[in-house]
Amino acid sequence: MRQPSPLTLLLLPILLVTTLGGCQLEPGEAGVRQQAHSADADEPPPLAGFTVAIDPGHNGGNLDAPEVIEELVDVGNGEKPCDTTGTNTDDGYFEHEFNFDVATRLSTLLTSEGATVLLTRTDDTGVGPCITERTALANDAEASVSVSIHADGGPPDGSGFHIMEPMKIAGHNDDVVAPSHELALALAGTIETVAGMPPADYIGTDGINPRSDMGGLNLTTVPKVMVECGNMRNSHDATLHRDPEFRQSLAQALADGITEFLEATATPD
Ligand SMILES: [Zn+2]
C-alpha cells in the first residue's frame with residue numbers, strides 16, 4: 001500500500017477541521033437551531049397567566065388629609081389607622097415618592113414578562129387608599145402574589161432591608177402564612193444578590209420579620225409580604241434611595257424574587 005505523502009499528512013488535520021466545521025453549517029443543523037429559536041418565540045412569556053398586586057405604600061396627599069388617613073379600620077385583631085404618611089430621608093425625599101417610583105419600575109418589568117399587574121394607586125398625589133382597600137384589591141382579584149413596597153424610618157445607625165411577613169391571624173390569613181414565608185425568602189435572596197443591599201442589622205433575622213400588627217398582612221388571603229427597602233433615616237441607605245440606578249436594580253430584584261416564587265410554587269390562573 002502506498003504510504004501517504006508528507007504533504008497529505010500535513011494537510012490531514014486541516015481537512016478534518018474544515019470538514020467538521022462544514023458539518024456545523026449543514027442546512028439540517030441550521031434548521032434545527034432556527035426551529036428551536038422560533039419555538040422559543042412562540043412560547044408565552046414566563047409570567048403569562050399570573051396576576052401580581054403591587055402596593056406602593058402611603059401616598060403624596062396623606063400629609064394634608066389627616067382626617068381621612070387617621071380614621072380607624074378593623075384589621076382582624078384590632079383597629080389601626082386607615083393609612084399613614086410614611087417616612088422621609090433627612091434631606092426631604094419622601095417614602096411615598098420612593099415607593100411609587102420603585103413600584104412603577106417593578107410594574108414595567110413584570111408586565112414585560114407577561115404578568116397582569118394591579119397597582120393599589122396609580123399616582124403619587126392622592127390620599128390613601130386605606131390598608132383594607134389596598135388588601136381587598138389583591139384579595140378580590142385572587143392575585144397570585146402581592147407585594148407592598150416601603151422604606152423604613154428606623155434608627156439612624158441601622159441599615160439594610162427587611163421583609164415583614166404575616167403571622168397567623170385566625171379566620172383571615174390562615175392559608176397564606178406558609179407561602180408568604182417562601183415569598184419572603186425568595187425576595188430576601190434577590191434583594192441581596194441583585195440589588196446588593198444586605199439584610200437589616202437592626203431588626204428581623206436575616207432580613208425576615210414576622211408580624212401580627214400589620215393590617216395588610218393580617219387580612220391578606222393571597223401570599224403577601226411588605227418589603228422595607230432599607231432605612232431612610234440612615235445616611236448610607238438614604239443615598240441609595242435617591243439614586244435612580246439603585247431603584248432600578250431594586251425593582252429588578254423584586255421582579256426576580258417574585259418570578260422565582262411564582263415559578264416554584266404557583267400555577268398561572
Ligand atoms: Zn411605609
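Tutor: A polar contact is a pair of N or O atoms within 3.5 Å; within protein, one must be able to donate a hydrogen and the other to accept it, and residues adjacent in sequence count only if both atoms are side-chain atoms. The model is predicted, so local features need pLDDT of at least 70 and side-chain atom pairs pLDDT 80 or more, while totals for chains, interfaces and linings use all residues. Residues are numbered from 1 along each chain as its sequence is written, and side-chain values use heavy atoms, with hydrogens and water left out.

Student: Which residue has a side-chain oxygen that reaches the backbone nitrogen of Glu-245 at the start of H9?

Tutor: Helices (H or I, at least four residues) and strands (E, at least two) are DSSP runs numbered from the N terminus. H9 covers residues 244-265. At its start, the backbone nitrogen of Glu-245 has within 2.9 Å a side-chain oxygen of Asp-243.

Student: How many residues apart in sequence are the parts that His-58 and His-150 tie together?

Tutor: Donors are N, O and S atoms within 2.8 Å of the metal (3.2 Å for Na, K and Ca); water is not among the atoms, so sites may look incomplete. The zinc ion is coordinated at 2.0 to 2.1 Å by His-58 (NE2), Glu-95 (OE) and His-150 (ND1). His-58 lies in the loop between strand S1 (51-56) and helix H3 (66-69), and His-150 in strand S5 (residues 145-152), so the separation of the parts they tie together is 92 residues.

Student: Are His-58 and His-150 buried or exposed?

Tutor: Relative accessible area decides this with a 1.4 Å probe and protein chains only: under 20% is buried, over 50% exposed, and in between partly exposed. By that rule, both His-58 and His-150 are buried.

Student: Why is the pair of Tyr-93 and Phe-98 stacked or edge-to-face?

Tutor: Rings of Phe, Tyr and Trp (its six-membered ring) pair if their centres lie within 6.5 Å; planes under 30 degrees apart count as stacked, over 60 as edge-to-face and the rest as tilted. The count comes to one aromatic pair. Its ring centres, those of Tyr-93 and Phe-98, are 6.5 Å apart with planes at 85°, so the pair is edge-to-face.

Student: Which strands stand at the edges of the sheet, each with a single partner strand?

Tutor: Two strands pair if DSSP finds at least two bridges between them. The open sheet has six strands in the order S4-S1-S5-S8-S6-S7, with mixed pairing. One side of each edge strand is left without a neighbour in the sheet, and these strands are S4 (116-119) and S7 (208-211).

Key
Expected span 1.5 Å × (residues − 1).
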